[in-house]
Amino acid sequence: MKKLIGAALGGALLIALTGCAGGGGGGGGEAGADGDLIVGFSQVGAESGWRTANTKSIQGAFEDAGIELKFSDAQGKQENQIKAIRSYIQQQVDVIAFSPVVESGWDTVLKEAKDAGIPVVLTDRSVDSEDDSLYASFLGSDFILEGEKAGEWVNTEFADADKVNIVELQGTTGAAPANDRAEGFRNVVTDAKFEVIASQTGDFTRAGGKQVMEAFLQANPEIDLVYAHNDDMGLGAIEAIEAAGMVPGQDIKIVTVDAVKDGMTALADGKINFIVECSPLLGPQLVEIAEKVAAGEDVEKRIVTEETTFTQEQAIEALPDRQY
Ligand code: GZL
């Protein structure tokens, strides 16, 4: 009897830790006790409009498919994601999916999932593991290409300029989108007239973008362009630029990535000059991949999401139909 009570208490503790509830898992790749699929998902947090839309897409898609989704919000901390993944292993879910907040430090816990026979799907962001047998598939954008698209617009926009001072609002330190958007931009913005005079993380948040931009403005009298790794930091930069008595989109041009509603509104209003889209609507594809890996079917190792770019005119056109 004591053992039973202990096991029940232990299970309750695990569920409390990950904010998960609902039926026991099947685990080891079998379906749950009643034959239904159970998926455990660890989300980065709720740092930006993009993340909110991504969570809504994932939760909505699993609800529409009638598949049980155990969901945990890591509040931007890798240790919380590792705890959640371990909890899903304990609960013997059929598939684990997550968006790694940073690229490194995942091999140990991914090996634990592999040893437990639970397939892992990466969504949105990837990991830098040498061993790609640790995950079944990676569904998400090509962040290097996104940085290159932003850089190509800069080359065109400043074709006639002699000198361009750029400040960069980087995403979360160590995150794949931050690393790759920085790399992609530098792949194409190579002319000597361009100089990145300052670069600092704003952690993908509006408040972070505003705070860092305030410091950039204090330290650098001549700024021509802000390259923000996401709309939210670009929107924070707009607040700082306006507070300094300048006109965003004119005195200082701004290029961002994401194309969430608030960003597209600022673009349509002329406060942002160009946005590279990064789609958060990964839910339906993730459901498909989860069903396939649970059934032991082959899935593509790398699935790149479709996305485009927007000028101010295109934003005015597109805004009415935007889903997020
Ligand atoms: C990109 C995603 C990034 C977004 C940010 O796929 O990981 O994280 O660009 C979000 O808005 O915070």
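**Polar contacts of the ligand with Arg 51, Asn 230 and Asp 258 in the predicted model**. A polar atom in the side chain of Arg 51 lies 3.1 Å from a ligand oxygen atom. For Asn 230, a side-chain N or O atom is 2.9 Å from an oxygen atom of the ligand. In Asp 258, the corresponding distance from a side-chain N or O atom to a ligand oxygen atom is 2.6 Å. On its own the ligand has 310 Å² of accessible area, and the protein covers 100% of this area.

**Residues surrounding the ligand**. The ligand is surrounded by 13 residues. The closest are Glu 47, Asp 124, Arg 125, Arg 181 and Asp 258. Asp 258 also places a side-chain N or O atom 2.6 Å from an oxygen atom of the ligand.

**Open sheet of six strands**. The strand order is S7-S6-S8-S9-S10-S12, and the pairing is mixed. Strands S7 (194-201) and S12 (309-310) are the edge strands, each pairing on one side only. In general, strands of a sheet pair through backbone hydrogen bonds, either parallel or antiparallel.

**Pairing of strands S6 and S7**. Strand S6 covers residues 164-170 and runs parallel to S7. Seven bridges join S6 to S7. Within this pair, Asn 165 stands opposite Glu 195 in S7.

**Helix H9 packed on the sheet**. Helix H9, residues 261-268, touches strand S10 (274-277) and strand S12. The directions of H9 and S10 make an angle of about 150°. Strand S12, contacted by H9, is one of the edge strands of the sheet.

Notes:
Residues numbered from 1 in each chain as written. Predicted model: local features only at pLDDT ≥ 70, side-chain atom pairs only at ≥ 80, totals over all residues. Heavy atoms only, no water. Pairing = 2+ DSSP bridges. Helix = DSSP H or I, 4+ residues; strand = E, 2+ residues; numbered from the N terminus. Contact = heavy atoms within 4.5 Å. Axes fitted to C-alpha atoms, helices over the stretch in contact; angles between N-to-C directions. Near = heavy atom within 4 Å. Polar contact = N/O pair within 3.5 Å; in protein donor to acceptor, adjacent residues only side chain to side chain. Areas by Shrake-Rupley, 256 points an atom, 1.4 Å probe, with all protein chains shown as cover.
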